[in-house]
Protein chains: 2
Amino acid sequence: MGGDNAPSVVLEGVAAALEADPALKIVLCGPDEVVTPFAANHERCEAHVTTQVIDMGEHPARAVRQKKDSSIVVGCRLVKEGQAAGFFSAGSTGACLAAATLVVGRVKGVQRPALAMPLPAPSHPLLLCDVGANADCKPAYLVQFARMAGIYAERILGIPNPRIGLLNIGEEEEKGNDLAIKTHALMAKQVPGFAGNAEGRDILTGDFDVVVCDGFTGNVTLKTIEGTSKVLFKMVKEAMMSSAKAKIGALALKSELYELKDRMSADTYGGAPLLGCKGAVVVGHGSSNAKAVKNGILVTARAARENVSEIIAQTLAGSDASNSEQVE
Amino acid sequence: MGGDNAPSVVLEGVAAALEADPALKIVLCGPDEVVTPFAANHERCEAHVTTQVIDMGEHPARAVRQKKDSSIVVGCRLVKEGQAAGFFSAGSTGACLAAATLVVGRVKGVQRPALAMPLPAPSHPLLLCDVGANADCKPAYLVQFARMAGIYAERILGIPNPRIGLLNIGEEEEKGNDLAIKTHALMAKQVPGFAGNAEGRDILTGDFDVVVCDGFTGNVTLKTIEGTSKVLFKMVKEAMMSSAKAKIGALALKSELYELKDRMSADTYGGAPLLGCKGAVVVGHGSSNAKAVKNGILVTARAARENVSEIIAQTLAGSDASNSEQVE
């Protein structure tokens, strides 16, 4: 039931994911009349009837506690119980985060799970982390975000030896707010692949593969990129409709610009993984279309198969000694 | 000597500003060989020879203390001594902030001066404040930023009753990090025109006239907007060059797209005012062209004539009673 266009777009995405990945099995959680007929018509899809729905506007943690038979809570419980290897939803991000944390649980050693968003950049995706799971952070959290996001970038986005940046307001190590300055010092010691401070203007240029920040700054940054792109594309479109001559020019450019818009669309990556959570949990955009749902499911499957959570657990356990000296 | 293309671009901008504003007088600070011949050839321009230059890479506060005969420090001293009503520079932002704070000084009652940046949005400019003067903030600072930026938006940008937003990660008042939640509660009581939380995606849409945040988040946001615009314009350009047909289309659209790029350029507003500083202090972009320098000087003159500092002083003094209950 997740997303603005559920359930039709979700079902379309599920069907496309099943077709694209012949080894994939999906447990579809939702109302009887939605999931049962769909599962009957699709191989490798099992219906799991749920009776409650968490709406976008509800208080996440409260909703998760009260609506135990919602598709989000049930989906997460299946992961917890080992009946599913991963969970994908395009529903309320807050509720997904709450359910993943409360129901699925954290990987041992992880202080705070973090939401990572692969951003479409011209050359290759950029993983921004955290984009909203943790509004207030300590330096040690950001160090873990960097390590977890580095693993995800390498294993799932296919970027060998990712260059990891700390989102900051200058290139020099002494620049930044209190959190950034302390984090820089820790990251320099504890994060392999740390490549220094990344500024807002460096995010989409390809100079970094992973950019780490607190969830407040990350969420503002993510929405600023989305908002700026939307406004600019709208203005380009208006410019193209502003005169007869411009319209003719626009017609000649149509396919190129659609291709560009498609390439810069978040749908390609399907969703944001919640790193540091047991199992593979991926949260889709509320406005996900069928393509985004399909890609979100496929990336969840890949994260489950690659055992990203387990690698995170082992990596963090291996560095426990060096992490014992933590800055609060 | 400020900016990447000094002194030629600065001199061009000064000449254009003198021409545009017949009541304007400019004291031009810089090396003898630059300022003396220029002043000799231009009415209403007085040369003030300085012997030192603060480079972009220097530590701002240290440079300001050591290079007392740099154009930035001397210009600020002229304001302090009442020999100039305002100061504009396209030099090191950090050095300008340091000189303005250390030499010119704060308006009485202002806890922290803040750098405000007018952003080109489709319908009318949006004033983002703080964009980097204060990396770590307390709620009471942000309340003052909101009031000061509101005055500037009304008096200088010509926006009556500006709608003031708090940059945050959700619309609801309980959303945000600790700073944002506490600031929201204070702003609701103390800021006329407070219109609630603004998200990253709301910045350029025109729903708000002023958006307030700490200087860390503001600087990241500003550079993210710049970076995203740059990447997208570059990609549109590449799409237009990708085939013969596309090139023909691009040719037909050329004037419309140049007009759009021009409209979305920061040069229109010329610079960022440092609010809460005595006199009128405006900092230009390091990559300012002549148009940006001209507009930066004109806006400095307008801020001086409108007596923005004095209005800020009176407004903050008038609300001392309500501000006495401050959240730290």
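By what turn, and with what RMSD, can chain B be laid on chain A? In this predicted model, a turn of 180° with a shift of 0.0 Å along the axis lays chain B on chain A at an RMSD of 0.0 Å.

**Figure 1. The rotation axis that relates chain B to chain A.** Two copies of a chain are related by a rotation about an axis and a shift along it. Here the turn is 180° and the shift along the axis is 0.0 Å, which is the relation of a two-fold axis. Among the residues of chain B, the closest approach to the rotation axis is that of B:Gly249, whose C-alpha lies at 1.8 Å. Because 100% of the interface residues of chain B are also interface residues in chain A, the copies meet through the same surface.

**Figure 2. A:Ser229 and its contacts with chain B.** A:Ser229 belongs to helix α8 of chain A, which runs over residues 215–240. When residues up to four places away in sequence are not counted, A:Ser229 touches B:Thr228 and B:Leu232. With a relative accessibility of 16%, A:Ser229 counts as buried, the cut-off for that class being under 20% relative accessible area with the protein chains as cover.

**Figure 3. Chain A as a whole.** The secondary structure of chain A consists of twelve helices and ten strands. Its radius of gyration is 20 Å, close to the 20 Å that the globule rule gives for 328 residues, so chain A is as compact as a globular protein of that length. The C-alpha trace of chain A spans about 60 × 60 × 35 Å along its principal axes. Of the 328 residues of chain A, 58% count as buried, and the accessible surface of this chain comes to about 13,700 Å², with 51% of that area belonging to carbon and sulfur atoms. Among the contacts in chain A with a separation of 6 or more, 68% are made by residues 24 or more positions apart.

**Figure 4. The surroundings of A:Thr50.** A:Thr50 is placed in the loop that joins β2 (45–49) to α3 (60–66) in chain A. Although A:Thr50 lies in a loop, its relative accessible area is 4%, and A:Thr50 is therefore classed as buried. Leaving aside residues up to four places away in sequence, A:Thr50 touches A:Cys29, A:Gly30 and A:Pro31, and also A:Asp69, A:Ser70, A:Ser71 and A:Val74.

**Figure 5. Helix α4 of chain B and the elements that pack against it.** Helix α4 of chain B covers residues 71–80 and is mostly covered, since eight of its ten residues are buried. The buried residues of α4(B) include the run B:Ser71, B:Ile72, B:Val73, B:Val74, B:Gly75 and B:Cys76, together with B:Leu78 and B:Val79. These buried residues pack against three strands of chain B, namely β1 (26–30), β2 (45–49) and β3 (86–89), and against the helices α3 (60–66) and α5 (93–104) of chain B. Just after α4(B), B:Gly82 adopts a positive phi of about 80°.

**Figure 6. Cis peptide bonds before helix α1.** In chain A the peptide bond that leads from A:Ala6 to A:Pro7 is cis, with omega near -5°, and A:Pro7 is placed in the segment before α1 (8–20) of that chain. In chain B the peptide bond from B:Ala6 to B:Pro7 is likewise cis, with omega near -5°, and B:Pro7 is placed in the segment before α1 (8–20) of chain B.

**Figure 7. Positive phi at residue Asn307 in chains A and B.** A:Asn307 is a residue other than glycine, yet its phi is positive, near 60°. The residue lies in the loop between α10 (290–305) and α11 (308–318) of chain A, and at 43% relative accessibility A:Asn307 counts as partly exposed. B:Asn307, which is not a glycine either, has a positive phi of about 60° and lies in the loop between α10 (290–305) and α11 (308–318) of chain B. With a relative accessible area of 43%, B:Asn307 is also partly exposed.

**Figure 8. Charged ends over aromatic rings.** In chain A, the charged end of A:Arg163 sits over the ring of A:Phe208, at 5.7 Å from the ring centre. In chain B, the ring of B:Phe233 has the charged end of B:Lys261 over it, 6.0 Å from the ring centre. As for pairs of aromatic rings, the structure holds zero over all chains.

Technical notes
Residues are numbered from 1 along each chain as its sequence is written. Chains are lettered from A and ligands numbered from 1 in the order in which they are written. This is a predicted model: local features need pLDDT of at least 70, side-chain atom pairs count only at pLDDT 80 or more; totals for chains, interfaces and linings use all residues. Side-chain values use heavy atoms; hydrogens and water are left out. Rings of Phe, Tyr and Trp (its six-membered ring) pair if their centres lie within 6.5 Å; planes under 30 degrees apart count as stacked, over 60 as edge-to-face and the rest as tilted. A charge sits over a ring if NZ of Lys or CZ of Arg is within 6 Å of the ring centre and within 35 degrees of the ring normal. Copies are superposed by least squares on the C-alpha atoms of residues with pLDDT of at least 70 in both. Contact means heavy atoms within 4.5 Å. Helices (H or I, at least four residues) and strands (E, at least two) are DSSP runs, numbered from the N terminus. The radius of gyration is taken over C-alpha atoms; the globule rule is 2.2 Å times the number of residues to the power 0.38. Buried means under 20% relative accessible area, exposed over 50%, partly exposed in between (1.4 Å probe, protein chains only). Accessible areas come from the Shrake-Rupley method with a 1.4 Å probe; for residues, only the protein chains shown count as cover.
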